[in-house]
Amino acid sequence: MGYSRLLRVLVGAVLFSVLAPAQKYNGPRPQKPDVPYLQHADNLVETEAAEAQQDDRKDDTVYVVAGPSSPARTPMAEPIFIIEARKIQPEKLDLYRFEVKNGSRQIEFPKKKKKDAPRPLRFLVTRLDEGLYRVEVNETLENGEYSLTPAGSNQVFCFEVY
């Protein structure tokens with residue numbers, strides 16, 4: 001008897017969670033579409049939107065963003081972003097760390113596959129509302145300069161973790 005009752009309770013809980021209406025998102029909303037915003041409690045901080053300059057070299061392709069640091073800053077080692085997506089698909093964003101060299105932020109990708117090639121960092125995308133998404137970084141970021149970029153694009157959304 002105890003097992004069947006427990007089973008009914010579990011099945012009921014699962015059905016309730018699946019069939020219950022989703023709660024409406026009441027948090028802050030971005031001012032601009034297709035721009036990730038860092039979430040700091042109830043405040044949103046717009047990331048620095050830029051176009052990375054591509055420099056093809058013999059063995060590498062280097063992407064460069066002017067300036068040594070981004071004005072968009074967060075103390076959070078696992079930042080959360082809110083994005084109102086119209087043209088950008090949040091699931092197709094990549095997150096990379098920049099190196100600061102010669103007064104600019106840059107990242108080098110070898111033309112041939114190498115073990116030490118930059119790899120995108122992990123994050124989780126959650127739909128909050130129609131066209132509204134939360135992007136949560138799933139690994140601890142060290143202090144430094146970072147960028148979210150749509151895959152296959154030179155468009156970048158830069159921020160600094162301090």
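1. Where is the place of proline 75? In this predicted model, proline 75 lies in the loop between strand 6 (73-74) and strand 7. Its relative accessibility is 48%, so proline 75 counts as partly exposed, the class that ends at 50%. Neighbours within four places in sequence aside, proline 75 is in contact with His40 and Tyr162. Asparagine 143 is 68 residues away from proline 75 along the chain, yet their C-alpha atoms are separated by 8.5 Å.

2. Overall make-up. The protein has one helix and 14 strands. Of its 162 residues, 36% are buried. Take the contacts with a separation of 6 or more: residues 24 or more positions apart account for 68% of them.

3. The five-strand sheet. One open sheet has five strands, in the order 2-1-7-12-11, and the pairing is antiparallel. Strand 2 (43-46) and strand 11 (123-129) are the edge strands, and each pairs on one side only. From one strand to the next, the twist averages 30 degrees. At the strand 11 edge, the pairing with strand 12 is antiparallel and runs over six bridges. Within this pair, leucine 124 stands opposite glutamate 136 of strand 12.

4. The four-strand sheet. A second open sheet, also antiparallel in its pairing, has four strands in the order 4-5-10-9. Strand 4 (53-56) and strand 9 (99-101) are at the edges. Each has a single partner strand, so one side of each is left without a neighbour in the sheet. Here the twist averages 35 degrees from one strand to the next. Strand 5 (residues 60-66) and strand 10 run antiparallel and are joined by seven bridges. Valine 64 faces glutamine 106 of strand 10 in this pairing, standing opposite to it.

5. The loop between strand 4 and strand 5. Lysine 58 sits in this loop. Is lysine 58 buried or exposed? Its relative accessible area is 76%, and the cut-off for exposed is over 50%, so lysine 58 is exposed. Proline 110 is 52 residues from lysine 58 along the chain, and the two C-alpha atoms are separated by 9.3 Å.

6. Strand 14 and its partners. Strand 14 is mostly covered, with six of its seven residues buried. Strand 3 (residues 48-51) pairs with strand 14 in the antiparallel sense, over four bridges. Strand 13 also runs antiparallel to strand 14, and five bridges join the two. Cysteine 158 in strand 14 is the bridge partner of glutamate 48. Cysteine 158 is also the bridge partner of serine 147. Strand 6 pairs with strand 14 in the parallel sense, over two bridges. There, threonine 74 stands opposite valine 161 of strand 14.

7. The hairpin of strand 13 and strand 14. Four residues lie between these strands. In this hairpin, glycine 152 takes a positive phi near 80 degrees.

8. The largest nonpolar core. How many residues does the largest nonpolar core have? It has 21 residues. Those with the most contacts inside this core are Phe81, Leu95, Phe123, Leu141, Tyr146, Leu148 and Phe159. Six elements are worth tracing here: strand 1 (37-40), strand 7 (80-84), strand 8 (93-97), strand 12 (132-137), strand 13 (144-150) and strand 14 (155-161) each give two or more residues to the core. In soluble globular proteins, nonpolar side chains tend to be buried together.

9. Leucine 148 and a separate core. Residues up to four places away in sequence are not counted here. Leucine 148 touches Pro36, Phe81, Leu93, Asp94, Leu95, Phe123, Gln155, Val156 and Phe157. Among these contacts, Phe81, Leu95 and Phe123 are also named with the most contacts inside the largest core. Apart from the largest core lies another, of seven residues, including Ala52, Val65, Phe98 and Ile107.

10. The largest pocket. About 400 Å³ of space lies in this pocket. It is lined by 21 residues, and the closest to its centre are Arg97, Glu99, Ile107, Pro118 and Arg119. Strand 8 and strand 10 (104-110) each give two or more residues to the lining. Which strand gives the most to the lining? Strand 10 does, with five residues. Ile107 links two points of this note: Ile107 is among the residues closest to the pocket centre, and Ile107 belongs to the core of seven residues.

Technical notes:
Residues numbered from 1 in each chain as written. Predicted model: local features only at pLDDT ≥ 70, side-chain atom pairs only at ≥ 80, totals over all residues. Heavy atoms only, no water. Core = buried A, V, L, I, M, F, W, Y, C linked by side-chain atoms within 4.5 Å. Buried < 20%, exposed > 50% of the residue type's maximum accessible area, 1.4 Å probe, protein only. Contact = heavy atoms within 4.5 Å. Pairing = 2+ DSSP bridges. Axes fitted to C-alpha atoms, helices over the stretch in contact; angles between N-to-C directions. 1 Å grid on protein atoms, 1.4 Å probe; cavity = no way out; pocket = protein on both sides within 12 Å on 5 of 7 lines; lining within 4 Å. Points joined across faces, edges and corners; volume = space filled by probe spheres on them.
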